[in-house]
Amino acid sequence: MRRSMRPGPASRPFAARRRVPGNLPAELTRFVGRDAELAALAVHLESARLVTLTGVGGVGKTRLATQAAAILQDRFCDGVWLVELAALRHGHLLDHAVAEALGLADHTGRPPRAALRGHLAGRELLLVLDGYEHLVDDCAELTADLLRRAPGLRVLAAGRRPLGLAGEQNLPLPPMNGPDAARLFRDRAAAVLPGFTADADDEATVTELCRRLDGIPLALELAAGRLRALSPGQVLHRLDDRFRLLTGGTREAPPRHQTLRTTIGWSHELCTPAERLLWARLSAFAGQFDLDAAEYVCSGPGLPADELLDVLEELVAQSVVVREETPAGLRYRMLDTVREYGAGWLEATGDIERLRRRHRDWYVGLATWCELDWFSPRQAEVAARIECELPNLRVALEYSLDSSGDAHLGQYLAGTLWFYWVGCGRLSEGRHWLARSLELDGEHDDARLKALWVAGYVAVLQGDTVGAMGALQECDVEAERAGNATAAAYAVHRTGCLALVGDDMPRAELLLRDALGRYREIGELNSNVLMGQVELAMAVAFQGDLAQAVRLCEDVRQVCDDHGERWTLAYALFVLAYAAWSRGEAARARALLAECLAIDHVFHDLLGAVLAIELLALVTLGEGDADEAALLQGAAGRIWPSVGLPLFGSRFFNQPHRLCEEQAREALGAERYERRVATGALLDLDAAVARVLDGGGSTRPDGSVPGPRATAPQRRPDNDEPAASPTTKGGETAG
């Protein structure tokens with residue numbers, strides 16, 4: 001950490017004066033973690049004369065400020081002085097409190113402000129103001145005055161909001177990161193139970209406990225104190241009532257830090273009625289939210305929509321709400337502990353049902369918009385947005401499925417999110433919500449029919465033939481009864497997909513052509529429709545008509561380019577890559593698969609990614625690098641359990657994998673092949689994609705360069721399938 005501090009201009013003549021130690025207290029417990037924050041404070045204090053350290057109650061502002069001050073105190077010849085303001089109730093006593101902390105005895109009858117100015121004018125010192133948030137206006141005025149009169153003065157202020165002065169550098173203090181939080185908990189636990197150590201099970205419990213407590217140091221210390229009577233697992237189990245559990249701070253702690261409730265309640269007391277009302281209403285959100293959502297959900301009696309932004313801005317300033325930049329844009333968030341405190345107040349207002357209903361309605365509308373926008377150049381933005389909103393969408397789904405008369409909204413929401421379940425690696429969760437929604441009688445045919453075909457789609461991709469057939473047959477029958485041509489078309493489409501992964505290629509072709517004809521009749525054009533054409537290309541490719549498969553996918557490619565669609569494009573590229581490989585064009589196949597994999601990775605489409613990696617392994621083998629091919633097979637093998645039945649249990653889809661394994665085993669020997677597969681299984685998706693896209697596997701383990709592929713593997717004489725079936729995961733399979 002940087003320790004040098006430039007002295008103020010007026011302080012240089014005093015550089016030789018005897019150092020004054022100041023009044024920092026000796027700490028009774030070990031300081032844990034926060035290395036990055038300590039370094040940042042040192043940098044800020046070197047470049048600015050006023051630094052504010054802000055954060056929610058209990059996040060460790062006081063301890064970090066005094067630790068940084070202690071480290072830097074040898075840079076201030078007139079010492080480091082701590083002024084504790086939390087107990088000071090009246091602003092007119094502020095000057096007296098600072099003078100008292102500085103040990104300033106003045107009997108001249110001058111006002112204390114004048115005495116402070118005179119005392120500080122020729123000195124070089126660091127003044128640490130702690131807990132000023134309830135006196136922010138008075139503290140800001142005093143700080144500005146003293147900084148103007150004392151060039152050698154620097155101020156480090158720790159509170160729940162900035163002072164709002166010119167030249168102020170604010171350092172928002174986040175909760176502790178996971179490793180530091182766990183270290184702090186273990187350290188404080190050892191103080192309560194000498195010799196405390198966490199075994200493997202306890203380590204997992206401690207990690208989860210730290211996560212549930214948001215990494216707030218005060219909460220972690222109070223939780224560690226409970227180990228006198230409870231095990232870590234029992235503490236974790238009781239966190240649903242954290243404010244009742246986390247009490248009993250140490251005797252020397254200030255009153256506001258004796259319990260978690262009083263710490264958060266101190267912030268609540270500093271809020272205006274409008275701020276308290278918004279705090280309570282924001283507790284309806286889970287995780288992050290944006291301004292539009294807050295304005296819709298939280299406006300109402302006592303809080304007009306056009307005033308909400310100003311109130312929200314104040315909650316951000318007071319560290320009740322955290323402002324975050326995300327891939328989906330500017331977002332806001334409350335720590336779980338802060339949110340839970342607000343939830344208690346929301347329940348007391350009797351307004352909780354209205355807020356939960358408005359919350360649900362907002363996210364149903366959001367999902368509807370995102371489904372429409374999925375087929376557009378904003379596809380990646382939609383994926384990022386839904387990823388950010390997933391906690392809120394789960395709350396909306398739960399509320400709809402638990403509310404009498406709202407089952408149809410749960411079915412609609414679960415079905416509308418098909419693009420996320422299928423396209424962004426969430427098949428298992430999607431299956432969960434769809435199954436729950438279909439257990440209920442929604443009394444709205446359209447919503448139920450949509451949930452049925454989406455459930456069938458997800459089941460197809462997971463390799464669950466029975467589940468898929470049941471959902472799709474019900475959808476088909478009920479759609480015909482209700483006269484819902486759209487649902488009927490999707491049921492036929494997904495049944496064709498089921499035939500595709502079930503190795504019935506003629507039936508798959510027939511059904512997929514039927515579905516595409518139905519889509520044309522009703523004017524349907526979206527990612528699903530294009531995926532149906534990709535799946536048709538797979539079916540004809542598996543029957544040996546590569547030329548027709550290429551024509552179909554080139555047409556899809558053109559439409560995708562016209563509409564900015566990327567997700568379906570990845571599957572079209574996969575089929576084109578298979579065709580290129582079959583023609584012996586290894587370089588083109590690799591280029592197409594690299595583009596395909598890059599797109600799949602953006603969307604976190606596990607199915608598309610693993611299919612691309614499987615085919616890349618075969619391409620790599622054909623290029624002469626059996627080591628790298630085996631490694632890629634190992635990487636694919638790690639991904640498949642997160643998707644479903646590997647390669648759908650299909651002999652067509654499995655053909656590239658089987659061919660690659662047979663030839664790699666022959667080239668490497670069984671033992672070396674298994675070692676390379678095991679090595680590949682250590683790679684997560686990010687590492688596997690980086691290896692492919694960054695050329696990480698361009699050389700063999702022994703350093704030799706792989707030779708070129710001479711000829712493409714030929715069709716096996718005992719098999720009428722292509723030597724490597726396009727591990728295509730088209731359409732449904734693709735998600």
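**Exercise 1. Locate Asp351 and describe its surroundings.**

*Solution.* Asp351 belongs to the loop between α15 and α16 (352-373), where helices (H or I, at least four residues) and strands (E, at least two) are DSSP runs, numbered from the N terminus. The model is predicted: local features need pLDDT of at least 70, side-chain atom pairs count only at pLDDT 80 or more, and totals for chains, interfaces and linings use all residues. Residues are numbered from 1 along each chain as its sequence is written, and side-chain values use heavy atoms, with hydrogens and water left out.

Step 1 concerns accessibility. Buried means under 20% relative accessible area, exposed over 50%, and partly exposed in between (1.4 Å probe, protein chains only). Asp351 has 17% relative accessibility and therefore counts as buried.

Step 2 concerns polar partners. A polar contact is a pair of N or O atoms within 3.5 Å; within protein, one must be able to donate a hydrogen and the other to accept it, and residues adjacent in sequence count only if both atoms are side-chain atoms. The side chains of Asp351 and Arg354 are joined by such a contact, of 2.9 Å.

Step 3 concerns other neighbours, with contact meaning heavy atoms within 4.5 Å. Leaving aside residues up to four places away in sequence, Asp351 touches Arg281 and Leu346.

**Exercise 2. Compare the spans of α15 and α16 with their expected values, and list the buried residues of α15.**

*Solution.* Step 1: the expected span of a helix is 1.5 Å times one less than its number of residues. Helix α15 (residues 336-349) has 14 residues, and its first and last C-alpha atoms are 20 Å apart, close to the 20 Å expected. For α16, with 22 residues, the reach is 31 Å, close to the expected 32 Å.

Step 2: the buried residues of α15 are Thr337, Val338, Glu340, Tyr341, Gly342 and Leu346. In α16, the buried residues include Leu355, His359, Tyr363, Leu366 and Cys370. An α-helix has 3.6 residues a turn, so residues three or four places apart point the same way.

Step 3: Gly350 follows α15 and has a positive phi, near 75°.

**Exercise 3. Which sign does phi take in Arg34 and in His604, and where do these residues lie?**

*Solution.* Step 1: most residues other than glycine have a negative phi, and most peptide bonds are trans. Arg34, although not a glycine, has a positive phi of about 65°. His604 likewise has a positive phi, near 55°.

Step 2: Arg34 is placed in the segment before α1 (35-47) and, at 4% relative accessibility, counts as buried. His604 is in the loop between α28 (586-603) and α29 (606-622); at 39% relative accessibility, His604 is partly exposed.

**Exercise 4. Is Ser319 buried or exposed, and which backbone atoms lie at its side chain?**

*Solution.* Step 1: Ser319 lies in the loop between α14 (305-317) and β7 (322-326). Its relative accessible area is 11%, so Ser319 is buried.

Step 2: a polar atom of the Ser319 side chain lies 3.3 Å from the backbone nitrogen of Gly55. The backbone oxygen of Arg160 lies 2.8 Å from a polar atom of that side chain.

Step 3: beyond residues up to four places away in sequence, Ser319 touches Thr54, Gly55, Val56 and Arg160.

**Exercise 5. How many aromatic pairs are there, and which rings have a charged end over them?**

*Solution.* Step 1: rings of Phe, Tyr and Trp (its six-membered ring) pair if their centres lie within 6.5 Å; planes under 30 degrees apart count as stacked, over 60 as edge-to-face and the rest as tilted. The count is 19 aromatic pairs. One of them joins Trp640 and Phe648, whose ring centres are 6.1 Å apart with planes at 85°, so the pair is edge-to-face. Trp640 is buried at 3% relative accessibility, and Phe648 is buried at 5%.

Step 2: one aromatic cluster is formed by Trp374, Trp418, Phe419, Trp567, Tyr571 and Phe603.

Step 3: a charge sits over a ring if NZ of Lys or CZ of Arg is within 6 Å of the ring centre and within 35 degrees of the ring normal. The charged end of Arg358 sits over the ring of Tyr296, 4.4 Å from its centre. For Arg494 over the ring of Tyr457, the distance to the centre is 3.5 Å.
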